[in-house]
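Student: Please take a close look at how one residue is placed in this model, and set a second residue beside it. Which details of burial and contact can be given?

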Amino acid sequence: MTSSGIAANGEIAVDVAIIGAGPAGLTAGYLLAKAGKRVAIIEKDPTYVGGISRTVEHEGYRFDIGGHRFFSKSQQVVDLWNEILPDDFIQRPRMSRIYYEGKFYSYPLRAFEALRNLGVWRSGLCMLSYGWSKLFPIKDVKSFEDWTSNQFGKKLYSIFFKTYTEKVWGMPCNEMSADWAAQRIKGLSLWGAVTDGLRRSLGLNKRPNDGQAVKTLLETFRYPRLGPGMMWDAARDRIEERGGIVLMGHGLKQLASDGRGGWRMTATGPHGEVVICAGDAISSAPMRELAARLYPLPMSTIEASRLKYRDFLTVALMIKSEDLFPDNWIYIHDSKVQVGRVQNFRSWSPEMVPDADVACVGLEYFCFEGDGLWSMRDDKLVELARREMDILGLVSPDKVIGGAVVRQEKAYPVYDEAYAANVDAMRHELEDKHPTLHLVGRNGMHRYNNQDHAMMTAMLTVENILAGTRLYDTWCVNEDAEYHEAGDEGAERTLPARQSVSEDQAAALASVREVPQRVAASDRKAA
């Protein structure tokens with residue numbers, strides 16, 4: 001809604017004010033509006049809703065920010081997707097591979113293919129390295145490098161784990177915790193991969209999905225035909241149809257307690273400041289930013305200011321070619337280039353690319369806001385992407401006919417040694433002092449989660465607001481649960497029980513993912 005929907009004095013009175021129009025904020029806004037509540041949402045982006053799940057458009061080409069498959073084991077989440085966007089999902093084949101030194105490797109790895117691509121000599125060295133790690137394992141295992149070298153040998157670790165992992169997280173593998181490696185690569189071993197490859201080659205696998213013990217959704221996934229932003233554009237439209245307000249280009253200036261348990265939210269936009277008065281407030285803004293804009297300042301502002309984030313940017317290239325490769329995305333395990341992953345937007349949906357004679361790919365660079373990559377001019381980033389595609393042998397530079405850059409700040413919350421204590425300090429203070437302020441979503445809770453997890457935190461928050469009390473603990477996440485895309489979509493159908501989280505809700509909440517923590521400085525080995 002434009003400024004024409006704002007009262008003459010510049011103030012808006014609603015039941016719930018929401019910060020951020022990402023999946024969590026829009027889910028909350030939609031469900032509240034559907035329940036008859038008056039809602040107002042502020043979004044600092046002037047054009048796009050959806051946050052990291054938005055779809056950016058440039059000259060008819062659409063770019064997904066990171067790749068978002070629509071899968072959840074929670075039937076409640078699946079039903080909500082279908083309710084908001086009933087007729088625009090398509091079923092897409094899934095394919096992703098690893099690219100290393102000019103060759104493609106299946107992901108998950110197939111042992112014989114990997115050994116064949118590496119060649120006899122290097123394969124022999126990998127097996128010798130693996131044998132050495134079994135005979136003489138690292139006994140004092142502290143880091144990702146220690147754990148993975150013990151599991152696969154130093155040689156395979158350096159090929160298939162080190163380069164990509166360091167690109168994504170921006171720290172050396174010998175400083176990442178071994179616990180994260182064990183969680184991330186649970187159940188995978190070189191011997192298991194070899195025996196599985198042998199069975200596959202001999203046709204002995206009879207279990208579902210070509211030998212995997214658990215049937216997964218590796219083959220296909222659902223996806224909005226115009227990208228994930230299509231879902232969140234529709235959610236915004238449904239909110240506005242029900243009388244809700246979505247203020248684009250409005251950033252949070254201050255969130256102040258009104259002294260009566262409610263809130264006065266001041267947002268700065270293209271027409272000046274807007275004040276929104278509400279009984280409840282929902283924030284999906286980064287905890288660090290929220291703390292700095294709360295009034296009065298919380299005691300935990302210092303702890304919140306220490307929270308860190310990993311950012312990334314996508315350089316989209318338009319290439320004169322019908323298509324380059326069938327993959328949805330390719331992991332780049334090559335230290336000669338800075339790019340970490342390459343998306344093929346047509347493989348996500350043919351409608352993402354308007355010209356049948358032009359391929360469109362997105363090169364993802366993981367960085368920190370303000371560093372050299374982040375601060376590089378767009379034209380220089382496009383040139384870097386062209387050069388790196390040439391280095392990789394994927395595209396000749398003269399085939400590139402255009403490019404665009406999309407930056408995504410605070411894409412991944414960083415789990416350093418102190419993050420949990422910092423988050424808990426702010427969380428508990430706000431719950432004690434401000435029961436009508438609710439934190440939701442990835443950045444709102446500083447948790448690296450999937451889209452369905454962000455949505456479920458919002459869905460439970462709406463239940464709490466409608467009940468006038470905290471029926472559900474939105475932080476109730478099973479962090480030890482494995483959340484691979486296993487089982488059937490919407491398999492969990494248990495109805496929610498009051499005062500507890502149902503199995504269905506837990507299925508979405510368990511989608512929170514582990515991220516690496518640093519090995520304590522005192523435990524790091526000398527170089």
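Tutor: Asparagine 117 is buried, because its relative accessible area is 17%, and the term applies under 20%, with exposed over 50% and partly exposed in between (1.4 Å probe, protein chains only). The model is predicted, so local features need pLDDT of at least 70, side-chain atom pairs count only at pLDDT 80 or more, and totals for chains, interfaces and linings use all residues. Residues are numbered from 1 along each chain as its sequence is written, and side-chain values use heavy atoms, without hydrogens and water.

Asparagine 117 belongs to helix H3, which covers residues 111-118; helices (H or I, at least four residues) and strands (E, at least two) are DSSP runs, numbered from the N terminus. Once neighbours within four places in sequence are set aside, the contacts of asparagine 117 are Lys103, Phe104 and Tyr105, where contact means heavy atoms within 4.5 Å.

Valine 339 serves as the second residue. The loop that holds valine 339 runs between strand E15 (329-332) and strand E16 (341-344). Valine 339 is also buried, because its relative accessibility is 0%. When residues up to four places away in sequence are not counted, valine 339 touches Lys167, Ile332, Leu363, Glu364, Tyr365, Glu388 and Leu392. Between valine 339 and glycine 362 there is a separation of 23 residues in sequence, and their C-alpha atoms are 9.9 Å apart in space.

To sum up, asparagine 117 is buried within helix H3, and valine 339 is buried in the loop between strands E15 and E16.
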